[in-house]
Amino acid sequence: MLPDFPRLKERLLRLAWFEHRGRIQADELIGAIRAVPYFEGRGFATGDVDGHVERADAEVMAFPYEIQRSAIIERGLDAFRESLAKATALQIQAMHEMLLRKAAEATERVGNAVDAGGQPFSAELYFKMLETVQIDFDELGRPDISGTRMVMHPDQAERVRALMEQWEKDDSFQQRYRDIMLKKREEWRDRESNRKLVD
C-alpha cells in the first residue's frame, strides 16, 4: 500500500485555490467588482435608489475539470496547475457572460440603454452614452469615474482607443465634454442636497 499525505495534499489544494482566486481577481472586468460572500439561503434580493427590488436565486456555475493520473505522475503539480488554469479561464468567461447579461437587463429596465443602431462608435455616440451615466464627484469637484468601465470586444477597443486619442486633441470635443461634466456636477449636487441622512 502506498503512503498517503493528507496534510500535504490539503496544503497544496489550498495553494491551488488561492492561485485560482488570484486569477479571477486579476481579471480587469471581474476583479473590479467588490465581492460580498453570503452563507445562508438560496437566493438574494438587491434594490436600487428608486426602490425597485429584484429577487433572484443563486446561479450555479459548473465547469468540466479533468486531469489524468498519468499527467500527475509524469509532471506532478504543474499538470494539476495547468488543468486548474483551464477551468479558471472557463469560469471567468462564464462570469463575463453573466455580468454582461445582467448589466444589459438592468440598463433596459431603467431605460438608459444606448442603441448604436449598427453605426460605428463615434463622438456623438460616446456623449449620448455619457449622458445616461450617473457620475459622482469628489470634494474638489472632480468627476469620480473610478468605478466606470467601457467593455467591448478587443478589436473594437483598439479602434476606440485610437479615436479617444484624437478626441483628446479636439477642442470642440473637449468643450462638449466639459459642458456635460458641468451638467453632471449639478445633478450630483442636487442628489447630495436631497439625500436623507441616517442617524
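**Note on salt bridges, surface patch and core**

1. R189 and E186 lie three residues apart in helix α6, which places them about one helical turn from each other. In this predicted model, their side chains meet in a salt bridge, with an N to O distance of 3.0 Å. An α-helix has 3.6 residues a turn, so residues three or four places apart point the same way. Both partners are partly exposed, R189 with a relative accessible area of 44% and E186 with one of 43%.

2. On confidence, the mean pLDDT of the chain is 85, and 96% of its residues reach 70 or more. Helix α6, which carries the pair just described, has the highest confidence in the chain, at a mean of 92, whereas strand β1 (residues 43-47) has the lowest, at 79. Where pLDDT is low, the predicted coordinates should not be read in detail.

3. A second pair within a helix is found in α1 (residues 6-26), where E10 and R14 are four residues apart and are therefore separated by about one helical turn. The side chains of E10 and R14 form a salt bridge, with N and O at 3.1 Å. E10 is partly exposed at 46% relative accessible area, and R14 is likewise partly exposed, at 45%.

4. Which residue pairs with R176 in a salt bridge? The partner is E124, and the closest N and O atoms of the two are 2.8 Å apart. This pair links distant parts of the chain, since R176 belongs to helix α6 (residues 171-193) and E124 to helix α4 (residues 123-132), 52 residues apart. R176 has a relative accessible area of 33% and counts as partly exposed; E124, at 48%, also counts as partly exposed.

5. A search of the whole structure finds 14 salt bridges, and the pairs above should be read against that total. In addition to isolated pairs, a network of salt bridges links E19, R23, D78 and R81. Side chains of opposite charge can pair when their charged atoms come close.

6. The surface also carries a nonpolar patch, formed by F5, L8, L12, L15, W17, F18 and L77, whose accessible area together is about 710 Å². Helix α1 gives the most to this patch, with five residues. L15, one of the patch residues, is found in helix α1 and counts as partly exposed, at 44% relative accessibility; because membership of a patch requires over 30% relative accessible area, L15 meets that cut-off.

7. Turning to the interior, the largest nonpolar core has 14 residues, and F121, Y126, F127, L130, W167 and M181 are those with the most contacts inside it. Helices α4, α5 (154-168) and α6 each supply at least two residues of this core. Within α4, the residues L125, Y126, F127 and L130 are buried, and the buried residues of this helix pack against α5 and α6. Helix α4 thus has buried residues facing α5 and α6 in contact, while E124 of the same helix is partly exposed.

8. What does W167 touch, leaving aside residues up to four places away in sequence? Its contacts are F121, S122, A123, Y126, F173 and Q174. Among them, F121 and Y126 are also listed, with W167, as residues with the most contacts inside the largest nonpolar core.

Key
Residues numbered from 1 in each chain as written. Predicted model: local features only at pLDDT ≥ 70, side-chain atom pairs only at ≥ 80, totals over all residues. Heavy atoms only, no water. Salt bridge = Lys/Arg side-chain N within 4 Å of Asp/Glu carboxyl O. Buried < 20%, exposed > 50% of the residue type's maximum accessible area, 1.4 Å probe, protein only. Patch = residues over 30% accessible without salt bridge, like charges linked within 9 Å, V, L, I, M, F, W, Y side chains within 5 Å. Areas by Shrake-Rupley, 256 points an atom, 1.4 Å probe, with all protein chains shown as cover. Core = buried A, V, L, I, M, F, W, Y, C linked by side-chain atoms within 4.5 Å. Contact = heavy atoms within 4.5 Å. pLDDT = per-residue confidence, 0-100.
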